[in-house]
Amino acid sequence: MVLTFLQPATIAEACFLLAKHGQQAKILAGGTDLLVDMRNGHIKPQVLIDLTRVQELGEIAESEGAISIGSTVTFADLALSKLIQTKLPVLAQAAKVVGSPQIRNRGTIGGNIANASPAADVVPVLVALEGVAVVAKAGGVKEVPLEELITGPYRTALACDELISGVKVKVPQPGTGMSFAKVGRRNSLAISRLNGVCLLKSEGRIIRRVRLVLGSATPTPARFKKVEEYLVGENASAEVFREAGKIAAEYVQQVTGRRASSAYKLPVVENLTTRLLQEAWEKGGSVNE
């Protein structure tokens, strides 16, 4: 049973309360994961610190080639933001496929990061965009790459007196093709069996820059650097993309080992990677073969 419910008005006040109550406190934003865990008895916080009155956490802004997204920005906010739709369409696309409308209206980007679910739809996109979490605590702020912040399934490097105040991502270079796809048991209200995002920049047919992340494929969302390294300098073609898909599947098996789901998942990884690369290439405006 929660004994104390607190509603700070500023980030500084929220950090003060976290420092004061330490491990007894939990941050409440959308509550789509926290309240489920509390109801099931998995966690029993003595103090809830509700962030919904901290207005600065709900802002989306662009500055100097980067976009900052406050931690209480909801998936619905992301999907409807003109700035996100224009500059980061894959992020808007990923936000649109999260859960149900009710979940999208309540779930927040900060909560999605802090929950660290391997099946998160938005986090792989943030990693591909080289996102960094802005982590606040009493007396200081630091920026931590998401790949370092998320240390395992449902685990992060956050200390009990730290909160995610937002995330910053780079705006891709003009001409960068972007693609996102999700594989689930059904078209809506589905937890991802796999998802993925690809950013691809080329000069003519020569691939110059690639960012590829597959969610639900590895324990934590991370760039598939073996695939990226293979592709850079190659001439874009269906054959090259198929080979990249094979490398992606081999990498997943190397990281996770052979599992009962491998017979299904590895071919899907291969095909999903090939599809993401092809779509990103086409959206980049280059002329395909």
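The legends below walk through several close-up views of this predicted model.

**View 1. An open sheet of three strands, with a helix packed on it.**
Let's start with the sheet, in which 3 strands follow the order 11-12-13 with antiparallel pairing. Strand 11 (177-183) and strand 13 (206-215) are the edge strands, and each pairs on one side only. On average, and with direction ignored, neighbouring strands here are turned by 10 degrees against each other. Strand 11 and strand 12 (residues 194-203) run antiparallel and are joined by 7 bridges. To find your place in this pairing, look for Ala181, whose bridge partner in strand 12 is Gly196. Helix 5 (residues 89-96) packs on the sheet and touches strand 11 and strand 12. The direction of helix 5 makes about 15 degrees with that of strand 11. As a reminder for this view, strands of a sheet pair through backbone hydrogen bonds, either parallel or antiparallel.

**View 2. The hairpin of strand 6 and strand 7.**
Here strand 6 (residues 132-137) pairs with strand 7 (residues 140-145) in the antiparallel sense, over 6 bridges. Ala133 is a handy marker, as Val144 of strand 7 stands opposite. The hairpin has 2 residues between the strands, and Gly139 takes a positive phi near 90 degrees.

**View 3. Two separate nonpolar cores.**
The largest nonpolar core has 39 residues, and those touching the most other members are Ile69, Leu91, Ile109, Ile113 and Val122. Take a closer look at Ile113: leaving out residues up to four places away in sequence, its contacts include Val123, Leu126, Leu146 and Leu149. Ile150, Thr156, Ile164 and Val167 are also touched by Ile113. A second core, separate from this one, has 29 residues, among them Cys198, Ile207, Phe241 and Ile247.

**View 4. Glu162, a buried residue in a loop.**
Glu162 sits in the loop between strand 9 (155-156) and strand 10 (163-170). Is this glutamate buried or exposed? Glu162 counts as buried because its relative accessible area is 9%, and buried means under 20%. Beyond residues up to four places away in sequence, Glu162 touches Leu18, Val135, Ala136, Lys137, Lys142 and Ala157. Ile27 is 135 residues from Glu162 in sequence, yet their C-alpha atoms are 9.7 Å apart in space.

**View 5. Thr74, in the loop before helix 3.**
Thr74 lies between strand 5 (66-70) and helix 3 (75-80), in the loop that links them. With a relative accessibility of 10%, Thr74 is buried. Its contacts, apart from neighbours within four places in sequence, are Arg104, Asn105, Arg106, Gly107 and Thr108.

**View 6. The largest pocket.**
This pocket holds about 1,300 Å³ of space. It is lined by 46 residues, of which Asp33, Leu34, Gly111, Ala114 and Asn115 are the closest to its centre. Strand 2 (25-28), helix 2 (34-39), helix 7 (109-115), strand 9 and strand 10 each give two or more residues to the lining. Which element gives the most? That is helix 7, with 5 residues.

**View 7. The cavity.**
How many cavities of 30 Å³ or more does the structure hold? There is 1, and about 30 Å³ of space lies in the largest cavity. Its lining includes Ser117, Pro118, Ala120, Val123 and Pro124. Gly215, Ser216, Thr218, Thr220 and Pro221 line the largest cavity as well.

Key: Residues are numbered from 1 along each chain as its sequence is written. This is a predicted model: local features need pLDDT of at least 70, side-chain atom pairs count only at pLDDT 80 or more; totals for chains, interfaces and linings use all residues. Side-chain values use heavy atoms; hydrogens and water are left out. Two strands pair if DSSP finds at least two bridges between them. Helices (H or I, at least four residues) and strands (E, at least two) are DSSP runs, numbered from the N terminus. Axes are lines fitted to C-alpha atoms, for helices over the stretch in contact, and angles run from 0 to 180 degrees between N-to-C directions. Contact means heavy atoms within 4.5 Å. A nonpolar core is a set of buried Ala, Val, Leu, Ile, Met, Phe, Trp, Tyr and Cys residues joined through side-chain atoms within 4.5 Å. Buried means under 20% relative accessible area, exposed over 50%, partly exposed in between (1.4 Å probe, protein chains only). On a 1 Å grid over the protein atoms alone, a cavity is a set of points where a 1.4 Å probe fits but cannot get out, and a pocket is an open set with protein on both sides within 12 Å along at least five of seven lines; lining residues have an atom within 4 Å of a point. Grid points are joined across faces, edges and corners, and a volume is the space filled by probe spheres set on the points.
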